[in-house]
Every structure is written in C-alpha cells, then in structure tokens.
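Biologist: Could you take a close look at the empty space in this model for me, and at what lines it? I'd like the cysteines covered too.

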Amino acid sequence: MTSKSKTLEFLHLREPRHALTRELYRDEDVFQQDLQQIWHKEWIFAGHSFELAKSGEYMTLQVGDYPVVIIRDDKGNIRAFHNACRHRGSRLCSKSKGKSAKLVCPYHKWTFGLDGKLLFAGNMGDNFIASDHNLMPVHCEVVNTYIYICVAEEAPDFDAFRKDVSPFIEPHRLEDCKVAFEADLLEKGNWKLVFENNRECYHCDSNHPELLNSFVENLSVAGVGGDDDPELVAHWDKCEAAGLPSRLVMDEKGQYRMTRIPLSAKAVSYTMSGQPAVNHRLDKSGVEDIGALLYFHYPSTWNHFLGDYALSFRVLPLSSGETLVTTKWLVHKDAVEGVDYDLETLTKVWVDTNNQDRELVEETFRGVSSPSYIPGPFSDIAENGVCQFVDWYCDTMKAKLSE
C-alpha cells in the first residue's frame, strides 16, 4: 500500500463530526503526506515585512523539508529563496534573523546578491556559467505587512485572500508597528492538535483564567454564521460605522476567516485588568472598545487585533509529534517600553495562555497516541470551530491525494 492510499484509508475512517483517528496524528506516512499535500503546496505565514526594515535584513524558517530565507533586497523588495547554496547545498543562513550585505555560503564562500544572483564562485574554471546557479526563488507575497511564502513550483491563487483580508487589517496600520516581544514555544504534539486547540474555547473555563478576564468566545462565529446574534451584529454595526470592517468573511473552502467580536464587559484589551496595555492606538477609529479582530489562515496562522496592540501566531510542524508556535506582540513603532507600555502587562495573558495550551496539546497527544484511543464526537454547541478545521483538513487531503 502506498503512502497516499494508506493516508486516504485513514481519512475515510473518520466519522462525520468526530475527532481524527490515532493514525492521522501519529503515523509517519500521514505526516509526510501532510507536508507534501499541505505544507509544501499552500501559502505559509512567515513573518512581518517591518521586521526586515533595511536592505540585507533577513529571517529564516523551515517549512517541512524546505529551509527558506526571506530578505529585503537592495531595491527594498521582500524576496524569498530556498536556503541552500547552489554548489553543494549548505544552508546560507543558519540564524533565525540577521543582516548581511550579501549571502555568503559558509562552506566554500559562494556569494549571492540580495536578488539571488550568484556573484562569486571561486576555482570553478573558465567554462562555469554563474547565471546557471542563482538561488532558487520561493513564491512570496506581502499583504499589509504579512509575508506569505509557498515552496511549491506553482503557488495557489493569492489574490482572493488578499482582497478579503486587506480591508480588515488596513485600519490597524501594521506598517507603523514593531515587534515588542517574541516567544517561541515547542509543543510536543501534532500540528493539527495545535490548531484544533485554537479553534475552540470549550476548554477555556477550566484552563485560561487570565484570558477570560477579557475574551469571550462567540459561538456563532466559531465555525460560520453570526447574523443571528443581536449583540454581535450591534458590535459589527458600531465598528463598521467607524471604518473597521467586522462582519464575518470566510472563503468557500474554509481555509481562512476574518471577523470581529466584542470582548467581555468593560474590557478593551487582553490584559489582566482588561484595560489597554499600550498608550499608542493602532487604529484611528475613535471607538474605545473595538473588541478583537480575529483572523486565521490554515495551516499556519491565527491572529488577534485590538485597539492597542496585535498578536500574530505562526505554526510550523517539526515532526509528527513536535510543533513550533511563534507568537509576536505588535505595538506602534513609536511606543517606548517602560513609558508607553510595560512588557509584563502586555504579554502576561498570552504567555500564560500559550503555556496552558501547550500543556493541553501535549497531554492530548499522549492520549491519542494510545492504541486504545477511540475518537469521540464534537459538541454541537461548543466545538463547531474545531470541527470546521478538521473538516477542512480532511476535505483538503482527500482532494489532493485523489488527484
């Protein structure tokens, strides 16, 4: 049985509105198909363009089997390349971030320009043609500072997503932001469990006391819908009148969603007090309580935008049982730590929440790893969001494996 047919068989064993089977989290063939069919073919969130403010500044990430480097070139463009020298394959950049006038291979000093062109290759002889050995490009798109990359030879359409998401992000002026704090969290669980955990707050009452000082999950938009909730509609109307798109937008395949929800009474930010953590506003709406703009894009990111700061989350699978989650707290570029914000106040809620979620993911991974595990049903009330993610995963994998 091939890896593809084996994975398809496991997918067909999943009952509707039930969790995934053990094999879909644990089997190595399934993980390789996850990489090949999703992570190596879809658009993946990498970071923010303002993190690469100057020419030569770069960031690196590992997308499944592919090491990638993203850099701002001499003309100010954001470019992405496969992070492998065209000589014998050494990674050009080993650090997660840095700055370099040129990309120089540490192995044999082959030197590439910021546009990927090979500039120098010593001792290669008169018949060597440098232009045949430029860096291999990676598809790269930027939307309102969000850098997305795709390592496939042919990338899926990006324009539809850009058209849908940009109106939501634009009022928050991320181009005027900086990263106030960044945290990497290695979660010892399958990447799907990480996203499943994010897509429901059924677990919040018993696990997230810090978050529940301000966040209230709106079940009507956890999966789809929302128009039948008068409080939510009133919040949308208020925010949209101030120039903040708020009504739910979701693509037909369910890969991405944007919507704005109100926070709990008297809360305007994710802090222990519910009060702003940062003096500088990100938006110009003039509305004190704009709630939280939530957007996800499978398989690699979810995001929260508040009046005073924003959060971006990036998910990267390292193995079938390890996932890297990177969180960035974004504040106005003129905000000064210790003057305009206190780092502990800014980060406490989500540092604690992320650690709590890590423990939940890891305990769940241990449980689903048992040969005795039998998937249970999703709640028709509280788990429509996680069911929507699992449905997207299964439908996407079935379609691609059947091609």
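Modeller: Here is a walk through the cavity, then the pockets, then the cysteines and one annotated stretch.

Keep in mind as you look that this is a predicted model. The general idea is simple enough: rolling a probe the size of a water molecule over the atoms shows where empty space is left.

Let's start with the enclosed space. At a cut-off of 30 Å³ or more, the count is one cavity. That cavity holds about 410 Å³ of space. Its lining takes in 30 residues, and Asn198, Arg199, Glu200, Phe215 and His304 are the ones nearest the centre. If you want to find the walls by element, look at α5, β13 (256–261), β14 (292–297), β15 (301–305) and α8, each of which gives at least two residues to the lining. The largest share is from α8, with five residues. As for chemistry, the cavity lining splits into 15 nonpolar, nine polar and six charged residues.

Now for the open spaces. The largest pocket has a volume of about 350 Å³. There are 17 residues around it, and nearest its centre you'll find Leu193, Glu196, Glu200, Thr364 and Glu383. Glu200 may ring a bell: it is listed among the residues nearest the centre of the largest cavity, and it is listed again for the largest pocket. The helices turn up again as well. Both α5 (191–198) and α8 (343–368) put at least two residues into the lining of the largest pocket, and α8 makes the largest contribution there with four. So α8 gives the largest share of the lining in the largest cavity and in the largest pocket. By class, the lining of the largest pocket comes out at ten nonpolar, four polar and three charged residues.

The second largest pocket has a volume of about 300 Å³. It is lined by 14 residues, with Glu42, Lys253, Thr396, Ala399 and Lys400 nearest the centre. Here the classes read five nonpolar, two polar and seven charged.

On to the cysteines. Counting sulfur pairs within 2.5 Å as disulfides, the model has one disulfide. The partners are cysteine 201 and cysteine 204, with 1.7 Å between their sulfur atoms. The link is left-handed, at -105° about the S-S bond. Cysteine 201 has a relative accessibility of 13%, so it counts as buried. Cysteine 204 is buried too, at 2% relative accessible area.

Cysteine 140, on the other hand, is in no disulfide: the nearest cysteine sulfur belongs to cysteine 150 and is 11 Å away. With a relative accessible area of 22%, cysteine 140 is partly exposed. Cysteine 239 isn't in a disulfide either, and for that one the nearest cysteine sulfur, on cysteine 177, lies 18 Å off. Cysteine 239 is buried, at 0% relative accessible area.

One last stop is the annotated stretch. An unreviewed UniProt entry carries the annotation "domain: Rieske" over residues 43–149. In the model, the chain over residues 43–149 is 0% helix and 40% strand. The C-alpha atoms at the two ends of residues 43–149 are 5 Å apart.

Key. Residues are numbered from 1 along each chain as its sequence is written. This is a predicted model: local features need pLDDT of at least 70, side-chain atom pairs count only at pLDDT 80 or more; totals for chains, interfaces and linings use all residues. Side-chain values use heavy atoms; hydrogens and water are left out. On a 1 Å grid over the protein atoms alone, a cavity is a set of points where a 1.4 Å probe fits but cannot get out, and a pocket is an open set with protein on both sides within 12 Å along at least five of seven lines; lining residues have an atom within 4 Å of a point. Grid points are joined across faces, edges and corners, and a volume is the space filled by probe spheres set on the points. Ala, Val, Leu, Ile, Met, Phe, Trp, Tyr, Cys and Pro count as nonpolar, Asp, Glu, Lys and Arg as charged, and the others, Gly among them, as polar. Buried means under 20% relative accessible area, exposed over 50%, partly exposed in between (1.4 Å probe, protein chains only). UniProt positions are given in the numbering used here, feature names are shortened, and annotations may be inferred rather than shown by experiment.
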